[in-house]
Structures are given as structure tokens and as C-alpha cells.
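Here's a quick briefing to keep open next to the coordinates. It goes topic by topic, starting with the charged pairs.

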Amino acid sequence: MASTFLGLTISYTGLQAAQASINTTAHNVSNVGTTGYSRQKVSLEADKALNTGSNYGTIGSGVVVTGVEQIRDSYYDVKFRNNETNDGEYEVKENYMTQLEDYLNEFKLDGFTVEYENFYKSIGELKKTPTEESVQNSVINNALSLTQYFNTLSTNLTNVQKDSNEEIKNQVGEINTISQNIASLNKQINYIEANKGSANDLRDQRNNLLDQLSKIVNIDTTETDMGNGLKSCVVKINGQTLVDTYDYNTLTTTARTEKVNASDADGLYNVSWSNGLEFNEYSTSLNGSLKGLIDIRDGNNGSVETVTTDASGNKSLELVNDSNQNTAYKGVPHYISKLNEFIDTFTSAVNEILTSGKTVKGEAGIPLFTVKYDKTAISALSVTVNTALIKDPSKIATTTTTDPSQGVGYCDLVDKLIALKSDKRYEGGTGTYFLESIVAEAGIDSKKATSFLKNYTNIRSTINNQRLSVMGVDQDEEGMDILKFQQAYNLSSKMMSVMNEIYNKLINETGL
Amino acid sequence: MRITNAMMINNSLTNIATNKAQMSILDNQLSTLKKISRPSEDPIIAIRALRLRSSLSEVTQYLEKNIPDANSWLSITQGSLKETNDIVSNLYQYCTQGSTDTFDTSARATIADSLTNLKDSFYSQGNVDYAGRFVFTGFKTDSSLTFMTSEEASKKSYTITQSFSNQDITSKTVYTNLVDMTKLDDATVSADEILSPSSQTVNKISLGYSNVSANNLQAVTYNNGASSIAINVTTTDPNYIPKTDDEVALNTSTGELVLGKNAYNTLKSATDISFTYDKTSFAKGDVKPEHYFTCVDKTDPTASISYEKSSAGQKIEYAINFAQTIQVNTEADEAFSIKLGRDVDELATSIQNVIDIEAKQAKLKSMKSQQAYSDDASQAKIQSMTDALGKEWDLADESMQKMFESGITKMQSYQQQITSANSDVGNRISRLTLTKGRLQEQQTNFKDLKSKNEDVEIEEISVNYSSAQLVYNASLTAASKVVKQSLLDFL
């Protein structure tokens, strides 16, 4: 036989359950706009039935709140983070490739293709009037304008490299902060969960941090049970441990003392673990925005640009296959070394022709292009026009002969310069084609980055919606819950007052 | 699937953003009228655009710079050659006139003058320039064809190596026993001793110049330098006859190599005859040797300049199309024969001869009636001299006539030379015009292709823009509806 006052107790559990549910609904509604918040739900259970010892057996004893749980599917978390990693990589690439493309946008700019064209136009005029000072002057000035354009372009591209380098440092800093925070959250979560219950909101915070981390670098997360309600959470980035439950590692950046590519900006950062372990920046499995930045900063199509010195001490730039020091991506160093290759081929051919000839006055020809500073290899950055020619344009060689009988109009050397334009000495193509191919390469890679980003962003929003479908707070649902729980509360209250009336009747009026 | 408000908002935002991006692309196209604004939007269009631009710029360079330049040069050449042709045709008329008509004394003097003037203007036509560059002097565009000032000309000193073929060996008439007026007052000469003049033909080679120097005499070489004949005699007598058959004499005043019989026969069958001589004291209007001959300018003895006359010529070529060039210049020796000047000089000299004889005749006539010569001996002497002069006049007149006659054919051949040079220029101009037409066609094609490649059709883009705007508006309306209401509005 159950207690006479059981009904009151049952109603009380109903009130408690409704109270807990309506509070959780309030919590959900308040966090409707919180990033990474997973909706919570009160799980209720009918309380243990009491054996009444009567012929109807047991009687229910109300409801019990077993816990407040979050609704979240970790399957979507993994999917989301994997995509986030790709998204992060291409977001960075799209951003930087757009910058590179802006500098190489020959479609809109009057850039190097126009400069090159202008140089040859003035050579064409020189052919007609080789002794005309104004024409010689225009050749020199066009050459100067060409070299200055390449100087500026090379500097601009190097600035892009510097920017990406700074961003690598920032990203490394962010990884470190996240790593520290996750370790600290691990501790707090275990503290709470050891005393029963679920650290819902702290878990949301940790998941949020992991989402952020996955954008920077590819991560692996495992959570294993250690007993007593304690969990061990291990986070690995590109296979190396970043966080191991309460312990965390950090990355550090150190400025390089020696350049990898000859035209690199000074002091690019190497990334390594603070504990001295190696962090392989050029690992093929690395992913995320960090990978994107490294590709942009160091990608030289699988080669490294080195300086070689020949027997007579002349320096030149050369590409050497080396996949340990860069990636196969076509980043800033690739475009700079393409420009360098063009300048090297172009200027050495022009100089070779000019120095083999004579001026109208019979003096030996001097090179048109030189380097700005002694003892440097000729490159897009260092190339300039011989100051002797700027001062006196008539020093430009136009003929191969000193024989005055040929006359001042004889300019076979200029013919050779003109023939150079259609000479396929730039990797099997003409200079114009080579320059155009640089533009094409940048255009195609930029297009690739843009369309990859678009795809990954689309996938991102799809997965995100799938996640939201599970963990998102729905206003209509909560609105309905408010009503539902309010009514449940009201009903339990009503139940109490009914019970009260019953007891009143029983105690105060029955048998009196 | 459970749909939450956030999902709907996300979807709406994504859709709005997609439509906005499409609007932005179309907006860009509409305001630039270009299909793309950066290569990554369509790398193929971008690269094709660059190729077409570069081709177009090259065609434009040909069409707007090189062809007009070539055309100006050729037109100036043509104009000058036409003038030259008129001058030679004038000379030709004088020759036909001279060969048929008889002129009185005063007319002859005028003709001699005119001939010399025509010769001067003939060569000065070779000094025309285009934008400060002489058009007939090959690569030596800074050097005029003739000496422009007497001061410059007189200072110059050259060693000239002139080549001849056996065709260049001509003949001339020389006279012996010409009447010497001084013999009239010479008492030792009797009337019987005044000999009647006679003429003789002598073979000669005319050099490029008269009044050459007798210094540094060199042998005449032939058969490509394999054999030679030394020159030991120099003379200034226009009527010089070689003393021996093997002799070759240099007449420095007329600028001729006078050949003995054997020497003539040897050279007649020889090839590649060459003679090197010094020439100083040029006159204003003389052609500069470097434009015609291999020579050494020794004006500054410390820095002599040697000029080589190559058979390849000095062709100035302009690029007028892809892989097509045109020769713009005509070289002086193609139109302005150096022989014309010598021929005209000879004509003038032969006229002058007749004029001189007539002067002598007039003088004798007046002497005859003078008191001082009234004695019989003097009268007899005057009479025989008058007879001799008469004969001499006949000879001179005949020679003059012959000279004019041969002048007709010579002038014809010079005219022919000029006409052929001129028609060559004409051909090149018409080739230029053809190329220009083709290039204009090409330019239009390239412009068309370029426009097709990179320009948008404004009608198409306007329609697309309107429809994109419609879609964008629709997505905004839909979004506003989604966000506006929730269950709470109905509770």
C-alpha cells in the first residue's frame, strides 16, 4: 500500500522536471545565436515504481531528471573539420593568388608585355634611323622603363611573400593559443564530469576551438575513457601530438639565416616544435591555411633557385630540383624565378649581340643591361640599364663592322636584335610567349584556387547545415517547448492543489 | 531532416550571396564592356587577348609607321628621278638639235652653258634628302652625293680605284698640225710651212674625273690583277697621240688613259681592268668618289678612310609586314651615271672648240685688212692660215656633229637607266600599296577577333543583368519572409 501522500511527492517530481525543462529551454533560447552551441535537452525517466503489495501490483512514483545532455553528432564534426582544413588552405591560396594575379594582370595592366613590345618598337625605329640621337634615346629609355617595371614587379611579389610569411607567424601563434586553451578545457571538463554530469558548455567551447584549429592545420582528435568518468583527449596536427589531455606542445618560428631561394625575402620563418622536434613544413600530408601559406611563400614548382658562379666569377641564377626545401606548388618564388629567367635570357642575348658589335663611331659595343650592384646575379630585381648608355645613348652598338665604307645607315646588328624577338630561346618559345605563359599560369592557378574555395565553401555550408540540423536551436521548437513545459508545470501545480484539496478533505472533514 | 531557423537563414544568405556575386560579375561586364577583368576569370580569353593585342600592335606599327616612312622615302626618290629624267630628256633634245641643225656662234655659246648647267642640276638631284637623310647614297645617309661647297671640295684628296670592262674602251678624234696663231708673227715660218690640220682616231678609257693628279702613278691591271701595263707617260695635251704602240699614257687634264695600238688590243680582250689614281682639287658639284668607287679618302693623311664599293650594294630595307621587307633606297649609280657628266663635258668642249676656231677666224679676218700685215708675205701667210683654219673648223664641226650624234644614243641609254630605276621604285611603291591594303584587311580582322574574344555584346549583357536583378530581388523577398515570422507570432 502506497503512502497516502504519495500523490503530492509525484506532483513535486513533475514540478521539478518541468522546472528543469523550462530552464533548459531558457538556456537554449538564450544561446540561439551562440557559435558552436549545441542544443541541450533534459532527459527524463519515469521514477522507480513502488510495489504496493496490492492486487494491482506497482504504482508509478513520478518522474526523475537523469541529466541535461547536449544533442551533437561527432560524425559531422569530423566531416566538418576535414572540409574546414581544405577550405582553410584554399581560402589562403585564393587570397594570395588574387594578389599575385593582380600584379600579373596583363589583360588590364600595361605591364611587361607592353614594355617588351615598346622596346622592340623603338628597336624597329632604330633600324630605320640608326644614327638619330632621339631614336637611340628612345631605345635606352624604353629599356630603362622595362627594367624598372621588372624591378617594381619583383619587389611587389616579394612583398606578397613577406605578407604570407608574417601570416605564418600569426597562424603559429594561434595554434599555440588554441593548444593551451584546449589543454586547460580538458582539465575543467574532467573536473566537472568526474563529479557526474556532462560539461556541455565546456565541450562546446572545446569543439569550437577544434573547429578553429582545423581551419589552420589538419587535425586528429581522439577521446578515450580513463575510468571514473575521466576522459583523455588527444589532439594531433599532421600526425604530431599537439595536446595530450592536460599537456600541450607549442610551435615556434625562427628567422632563416640562409635563403632557400636566391630571390627570397630576408628572414623568412622556419617552423619547428618548441621542444626541439622537427616540424616538416613541406610534408605532403600537411593541410590547412598553414599549408596554403607555406605553398604561397615557398612553392617553387619543386625546384630551388640557387646562385651559381662560373669560372670567371660571373654569377647567375639556376633552378635545381629539390623537393625537400619547397613544395610543388607555384607560389611567389616560382613567379619571381620565372621573371628572373626571362630577364636573364633576354638581357644576356641582347648584351651578347651588342657587345659583339660597334657603335657608329667605331667604338666597341657595350652591354645595354647590367646589374644594380656589383657581384650579384642578374634578376628581375637587380637588372638595370648601363649608366654609360643613359648618359650617352649614341654608345649603343648598331653595326658589326668598323668599315666606314658601309656608311652610317648600315645597322646589321639591329637586324640581329629584331631577329631575337622571334627567336625561340625561352624554353622553346619566344619572349612574348614566355611572358604570356607567366600570365596564363597565374591566371589558371588563381582560377583553380577560386573554384576550389568555392567548392569547399559549398561543402562547408552543407555540412554545417547538417550539423545545425542536429545541434541547432530551433526557435519554433523552443517556442513549442515553452508552451509544453509551462503547461506541464501548470498541470503539476494543479495536481498539487488537487492533492491539497484531497488531504484537506481527508484530514479536516472526514470522520469529524 | 530537422530544419532549424539558423539553417534557413544560412541558406538564404548563401543564396543572396550567390546572386550578388553573379550581379557583381554582370555589373563589371556592363561597366567595362569586357567579358573578363582578370585572367583567372577565363585564362583562355586572357591569353588570346594578349596574343591578338601583340599582333595588332605589330600590324599597327607596320601600317602607321614603317609603311608611311617607306612610302615617303620612295616618293621622294620617285620625284627626284622624274626631275632627273626631264633633265636628261632636255640633254637629249640638245643632242638631236645639235646633230641636225647648224647653230650660229652665239647660239653655240648658250648651248654649251645650258649643257653644263643641266649636268650640274642632274647631279644635284642626287642630293635630295628625306628627313635629313640623303636618299641616293646607300647606308651613307649622312653624306651628300656631290660636294656641296667649293671649300669642302677643294680640300679633298682621294686615291680612287676604278674598275672598267672592255666595253669602257672608246675612241676619240685627235688633231695634228692645229693652226698656231703665234706663227703669224714668227718671221722664220713661211706661208708654205703652215701645214694643213689632219685628224686621227685614238683609243682611250675615260676615268671618272678630269684633272686627275700625276702623282703616285700606278700600273693598269687587268684579268683580275693578274697582269698589268705600267704607265710612264703623263700629258695634258688633249691631242696627245701615244708615241709607241705599247704605250699607255695618262692625260691628267682630260682624265683619260690614252692607249697605244698594242695596249688597246691587249685590253680589248681583257677582263676586270682596274686603274688606281689620285685625285685632288675637286670642284663644287663633283660627285663624291665613295659613292661610285672603291677609294681612300686621304684628306687627313693621319687618318685616311677607306671605302669599299661592294657589288652587293647597300640596300636599306624596312619591315613592312610579318617577315616581309622592302628596299626603300635607290643607289646613286643605278640612276646617276658618272659617265653622263664626262659625256656632257666632252660635248661642251667640242662646242667650245668650234667657238674657239671661229674666234681665230674672225681675228685673222680683221688682221688681213690691217696695215701691219699688208705685205705680200703676211697676206700669203694669213691666206694659208685661213685655209688651214677652215679645214680645222670643218674637222671640229664634224667632230661636234658626231659628238652630238653619239650623244643621242648615250642620252637615250642614260634615260633608259633612269626610267628603269624609276620603274623599279614604282614597282616597289605598288608593292607597298598592295601590302598596305593587305595589312589594313589584317588589322580589321585582328580588331574583329579581339573584340569577339574580349568584348561583351551589350544587348545580351543587359538582358542577363535584368534577369539577374530579378533573381536577386526574389531571393531578398524570400529571405525577408523567412526571417520575419516565427511560431511566437501566433501564440
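**Salt bridges**

Glu331(B) and Lys309(B) make a salt bridge, with their closest N and O atoms 3.7 Å apart. Keep in mind that this is a predicted model. Across all chains, the structure holds 57 salt bridges.

*Glu331(B) and Lys309(B)*

- Glu331(B) sits in the loop between strand E15 (324-327) and helix H6 (332-335) of chain B, and Lys309(B) sits in the loop between strand E13 (305-307) and strand E14 (317-321) of chain B, so the bridge ties together parts 22 residues apart in sequence.
- Glu331(B) has a relative accessible area of 8%, so it is buried, since the cut-off for that label is under 20%.
- Lys309(B) comes out at 26% relative accessibility, which means it counts as partly exposed.

*Lys93(A) and Asp295(A)*

- Lys93(A) pairs up with Asp295(A) in a salt bridge whose closest N and O atoms are 2.8 Å apart.
- This pair links distant parts of the chain: Lys93(A) is in helix H2 (residues 74-103) of chain A and Asp295(A) is in helix H6 (residues 289-298) of chain A, 202 residues apart.
- Lys93(A) counts as buried because its relative accessibility is 2%, and Asp295(A), at 2%, counts as buried too.

*Arg38(B) and Glu101(A)*

- Arg38(B) forms a salt bridge with Glu101(A), and here the closest N and O atoms are 3.2 Å apart.
- That one crosses between chains, going from Arg38(B) in the loop between H1 and helix H2 (43-100) of chain B to Glu101(A) in helix H2 of chain A.
- Both Arg38(B) and Glu101(A) are buried.

*A network*

- Arg72(A), Asp77(A), Arg81(A), Asp204(A), Asp211(A) and Arg467(A) are joined into one network by salt bridges that share partners.

**Nonpolar cores**

- The largest nonpolar core has 97 residues, and Tyr209(B), Leu257(B), Phe275(B), Tyr292(B) and Leu340(B) are the ones with the most contacts inside it.
- Helix H8 (residues 376-454) of chain B gives the most to this core, with 17 residues.
- Leaving out residues up to four places away in sequence, Leu257(B) touches a set of residues including Ile205(B), Leu207(B), Val220(B), Ile231(B), Val248(B) and Phe275(B).
- There's also a second, separate core of 92 residues, and among its members are Leu213(A), Ile216(A), Ile296(A) and Ile353(A).

**Two helices to look at**

- Helix H1 (residues 5-32) of chain B has 28 residues and should span 40 Å at 1.5 Å a residue; its end C-alpha atoms are 40 Å apart, which agrees.
- The buried residues of H1(B) include Met7(B), Ile16(B), Met23(B) and Leu26(B), along with polar ones such as Asn5(B) and Gln29(B).
- Those buried residues pack against helix H10 (431-471) and H11 of chain A, together with helix H9 (458-484) of chain B.
- Right after H1(B) comes Leu33(B), which has a positive phi near 60°.
- Helix H3 (residues 112-128) of chain A runs 25 Å from its first C-alpha to its last, close to the 24 Å expected for its 17 residues at 1.5 Å a residue.
- H3(A) has 14 of its 17 residues buried, so it is largely enclosed by the rest of the structure.

**Surface patch**

- Phe5(A), Leu8(A), Leu506(A) and Ile507(A) form a nonpolar patch on the surface, together offering about 340 Å² of accessible area.
- Leu506(A) belongs to helix H11 (residues 475-509) of chain A, and Leu506(A) is partly exposed because its relative accessible area is 42%.

Note on methods. Residues are numbered from 1 along each chain as its sequence is written. Chains are lettered from A and ligands numbered from 1 in the order in which they are written. This is a predicted model: local features need pLDDT of at least 70, side-chain atom pairs count only at pLDDT 80 or more; totals for chains, interfaces and linings use all residues. Side-chain values use heavy atoms; hydrogens and water are left out. Patches are made of residues with over 30% relative accessible area and no salt bridge: like charges are joined within 9 Å, nonpolar side chains (Val, Leu, Ile, Met, Phe, Trp, Tyr) within 5 Å. Accessible areas come from the Shrake-Rupley method with a 1.4 Å probe; for residues, only the protein chains shown count as cover. A salt bridge is a side-chain nitrogen of Lys or Arg within 4 Å of a carboxyl oxygen of Asp or Glu. Helices (H or I, at least four residues) and strands (E, at least two) are DSSP runs, numbered from the N terminus. Buried means under 20% relative accessible area, exposed over 50%, partly exposed in between (1.4 Å probe, protein chains only). A nonpolar core is a set of buried Ala, Val, Leu, Ile, Met, Phe, Trp, Tyr and Cys residues joined through side-chain atoms within 4.5 Å. Contact means heavy atoms within 4.5 Å. The expected span of a helix is 1.5 Å times one less than its number of residues.
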